[in-house]
Structures are given as structure tokens and as C-alpha cells.
Amino acid sequence: MAVIIPNKLIYLAHPRTASKATSVTLGQIDSAFTEPRHHRYLYNLEYERQGELVVTTIRHHGDALVSWWLHHGQRNGYGETLSEFTRFLLEFPHEGFWLVPTPGRLWDLHLPWCNCFMRFESLQEDLNWVLERVGLEPRKLLRVNQTRGKREWGSYYNAERQRIVEDTFGGEMQELGYQF
């Protein structure tokens, strides 16, 4: 989904990054509208983004993968144990998985289209900065669709799991300033 504020902002929602909360918050702005099938919209983005800020949200890879496992993995054949989390990490993403169109790059679904990104870890501050940059008043980020029962994400990782994530996404993590 994309939230578009004409001539100001295009927000490209990425799963497991508080995208629903961000989309709902931005969607409350008077001129905003949503494009549910934003991939179709992206084909015209280069021609339409004159002066618009094109934004997505990223999240530490380790944190995002824990959230993905808790939210989707456990409903799709992966158990609740840490050994099942290890299996999930080894098998995610499989070839052709829509969420990761470029191997080794968790955020390539939207990041190549963007001229700015917000970090999940500082989302309220980043959202305020984005809104102020395009001449809009800051807004309190709504809380929706939170992962329930999640411990601090680092507690899911031992040396083996950390190595799996770094082997898979280490280059992108370094580019984006993330590390374990």
C-alpha cells in the first residue's frame, strides 16, 4: 500500500515496520489518499515524483526477522522454539519470495524508489521530521497491529543465528548502519 499526499509525500508501506500505524496516521491528513496496489503506481513514480518526498520505513534486520517469524512464520509451518526460529532464518527468504526481490537485501522492495527513509527504531521522530520537511504539522503515530508476546529482539539470537542473518543481509546492514 502507498499513502500519497499530492505534491508533498509518497509513503511506501513495507511489512513489519509499523507500516500500518504509519499509513493510518498519514491517511488522516486531509489531502491524503491510499493506493492499495502501489506496485502499479511505482511504474509511473519516476514521472510523477517531481518534488515529492518518497519514503519507506526500514528496521534492524534481526528485529524484523523476529517479528516476521512471530507474525507469519509460526502460522506457516514454523514452530515456537528457538530451533524453529533458526530453521526459519535458514529458509527465509526462499527464491522468488515477494518480500525480498533481491537476494541479500531485505529492504529492496521499496528502498530503491525512495529518496528518504524512516527507521523503525526512531519512527516517531523520523515521521515528525518527514512531515515538517514537506510543510505539514507533526502527528502522533498511532499504535496498531503490534506483535504480541515479543521479547526484546536481541534475546532471540545466539552466535549461530546472528551469523545466519549477517551472512544473508550483512552488506545491506552495513550500508544502512545496522549491526548486532
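Threonine 56 of strand S4 has phenylalanine 117 as its bridge partner in strand S5. That bridge is part of a wider pairing: S4 and S5 (residues 116-119) run parallel and are joined by four bridges. On this model, helices (H or I, at least four residues) and strands (E, at least two) are DSSP runs, numbered from the N terminus, and two strands pair if DSSP finds at least two bridges between them.

Before going further, please note that this is a predicted model, in which local features need pLDDT of at least 70, side-chain atom pairs count only at pLDDT 80 or more, and totals for chains, interfaces and linings use all residues. Residues are numbered from 1 along each chain as its sequence is written, and side-chain values use heavy atoms, with hydrogens and water left out.

Strand S4 also has a partner in S2 (residues 9-12), with three bridges in the parallel sense. Here leucine 9 is matched with leucine 53 of S4. How many residues of S4 (residues 53-58) are buried? Six of its six are, so the strand is mostly covered, where buried means under 20% relative accessible area, exposed over 50%, and partly exposed in between (1.4 Å probe, protein chains only). Leu53, Val55 and Thr57 are buried on one side of S4, and Val54, Thr56 and Ile58 are buried on the other.

Two loop residues are worth a look for their backbone angles. Most residues other than glycine have a negative phi. The table shows two with positive values.

| Residue | Phi | Loop | Relative accessible area |
|---|---|---|---|
| Asparagine 7 | near 65° | between S1 (2-5) and S2 | 67%, exposed |
| Alanine 18 | about 65° | between S2 and helix H1 (19-27) | 25%, partly exposed |

Finally, there is the space inside. Rolling a probe the size of a water molecule over the atoms shows where empty space is left. On a 1 Å grid over the protein atoms alone, a cavity is a set of points where a 1.4 Å probe fits but cannot get out, and lining residues have an atom within 4 Å of a point. Grid points are joined across faces, edges and corners, and a volume is the space filled by probe spheres set on the points. The count is one cavity of 30 Å³ or more, and the largest cavity has a volume of about 50 Å³. Its lining includes His14, Arg16, Trp68 and Phe92. By class, the lining residues are eight nonpolar (Ala, Val, Leu, Ile, Met, Phe, Trp, Tyr, Cys and Pro), one charged (Asp, Glu, Lys and Arg) and one polar (the others, Gly among them).

Note on methods
1 Å grid on protein atoms, 1.4 Å probe; cavity = no way out; pocket = protein on both sides within 12 Å on 5 of 7 lines; lining within 4 Å.
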